[in-house]
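Me: Please take one part of the model below and go through it closely, in connected prose. Give the cut-off behind each term once, where it is needed.

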Amino acid sequence: MAKAGQCGWVELVSETLDVPRLRALVAHPSAGAVLVFEGTTRDSFENECVRWLEYEAWPEGALRALGEIIEESEQRWPGLRCAIAHRLGRVDVGETSVVVALSGGHREEAYAASRFVIDTLKAKVPIWKREVMANGAHWKANPEGTPRMEEQ
Amino acid sequence: MDVPQNVRVRYFAALRESRGTNEEVIALAEPTTARSLYDRLFPKAGGGQIPVGFAVNGEQVPGSHLLVGGEEVIFLPPLGGG
């Protein structure tokens, strides 16, 4: 687990994410709201059965990008505490691939920050996902994570 | 350039599978843009070239970034985290 920003934490792990531990990192007496978002492996996509997902990261780039998300979040919502953990490797159906645990003085900032963090993660963090389906596997892009095609 | 210079290229995800390795040293006979290097390693002909972003020495750069040798280059396929 690496410190990020003023009060944040980021990590990439290869085993089951410890949600209570992540929550404990951000909960504190001045927080009126604690919010934990978990992204989980869904059993289907467009009516096709998903067997499992696999995640791969550019580790240095991903940790840096996660840290930048924490820093920006702390600037936008002063007093926010946020821990982001992403799992790498195989994540089976129903298991958690990403946790965004955060706390704020009130629910307004907690909900807003939670949405911001996961949306920005999907758009900016160099992590890739492979969907393993019943009849094959493919690398799956987030709609928000496709590089802009540059002028040639 | 009088002497070919090398760049260290790291591959992830679909590019790693395509190239068959997660890392490779590539010789540059002359300064080359990141985009040109990508086109050389993953030719567009026949379709199926994956759109990528570029990172050189850990920092994201445009495809026009000129490589002269000694850099670490990463091609970033469409992201899938979260």
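The part I would like described is the open sheet of five strands in chain A, with whatever packs on it; please add the sheet of chain B afterwards.

Reply: This is a predicted model, in which local features need pLDDT of at least 70 and side-chain atom pairs count only at pLDDT 80 or more, while totals for chains, interfaces and linings use all residues. Residues are numbered from 1 along each chain as its sequence is written, chains are lettered from A and ligands numbered from 1 in the order in which they are written, and side-chain values use heavy atoms, with hydrogens and water left out. The model scores ipTM 0.93 and pTM 0.94.

In chain A, the strand order of the open sheet is β1-β2-β6-β8-β3, and the pairing is mixed. The edges are held by β1(A) (2-4) and β3(A) (33-40); each has a single partner strand, so one side of each has no neighbour in the sheet. Direction ignored, neighbouring strands are turned against each other by 15 degrees on average. Strands here are DSSP runs of E with at least two residues, helices are runs of H or I with at least four, and both are numbered from the N terminus. Two strands count as paired if DSSP finds at least two bridges between them.

Starting from the β1(A) edge, three bridges join β1(A) to β2(A) (residues 8-13), and the two strands run antiparallel. Within this pairing, A2(A) stands opposite V10(A), and K3(A) has W9(A) as its bridge partner. β1(A) and β2(A) make a hairpin with three residues between them, and G5(A) in the turn has a positive phi of about 60 degrees. The next step across the sheet has the parallel sense: β2(A) and β6(A) pair over five bridges. There L12(A) stands opposite H86(A) of β6(A).

Two helices are in contact with this sheet, where contact means heavy atoms within 4.5 Å. Helix α2(A) (residues 59-76) lies across β1(A), β2(A) and β6(A) (81-87), and runs at about 155 degrees to β2(A). Helix α3(A) (residues 107-124) touches β3(A), β6(A) and β8(A) (96-104), and its direction makes about 150 degrees with that of β8(A). Such angles run from 0 to 180 degrees between N-to-C directions, and the axes are lines fitted to C-alpha atoms, for helices over the stretch in contact.

What does S114(A) touch, leaving aside its neighbours within four places in sequence? S114(A) belongs to α3(A), and its contacts beyond that range are L35(A), F37(A) and L102(A). S114(A) has a relative accessible area of 9% and is buried; buried means under 20%, exposed over 50%, and partly exposed in between, with a 1.4 Å probe and protein chains only.

Elsewhere in chain A, β9(A) (residues 127-133) and β10(A) (residues 136-140) pair in the antiparallel sense over five bridges. They form a hairpin with two residues between them, in which R130(A) stands opposite W139(A). K140(A) lies over the face of F45(A), 3.1 Å from the ring centre, and R90(A) lies over the face of W52(A) at 3.7 Å. A charge sits over a ring if NZ of Lys or CZ of Arg is within 6 Å of the ring centre and within 35 degrees of the ring normal.

The open sheet of chain B also has five strands, in the order β2-β1-β7-β4-β5, with mixed pairing. Its edges are β2(B) (23-28) and β5(B) (59-61), each with a single partner strand, so one side of each is left without a neighbour. The twist from one strand to the next averages 35 degrees. Six bridges join β1(B) to β2(B) in antiparallel fashion, and one partnership there is N6(B) with A27(B). Helix α2(B) lies across β1(B), β2(B), β4(B) and β7(B) (72-76), at about 110 degrees to β2(B).

Chain B also holds an aromatic cluster made of Y11(B), Y38(B), F42(B), F54(B) and F75(B). Y11(B) and F42(B) are both buried. Mean pLDDT, the predictor's confidence in each residue from 0 to 100, is 94 for chain B, and 95% of its residues reach 70 or more.

Key:
Phe/Tyr/Trp six-rings, centres within 6.5 Å; stacked < 30°, edge-to-face > 60°.
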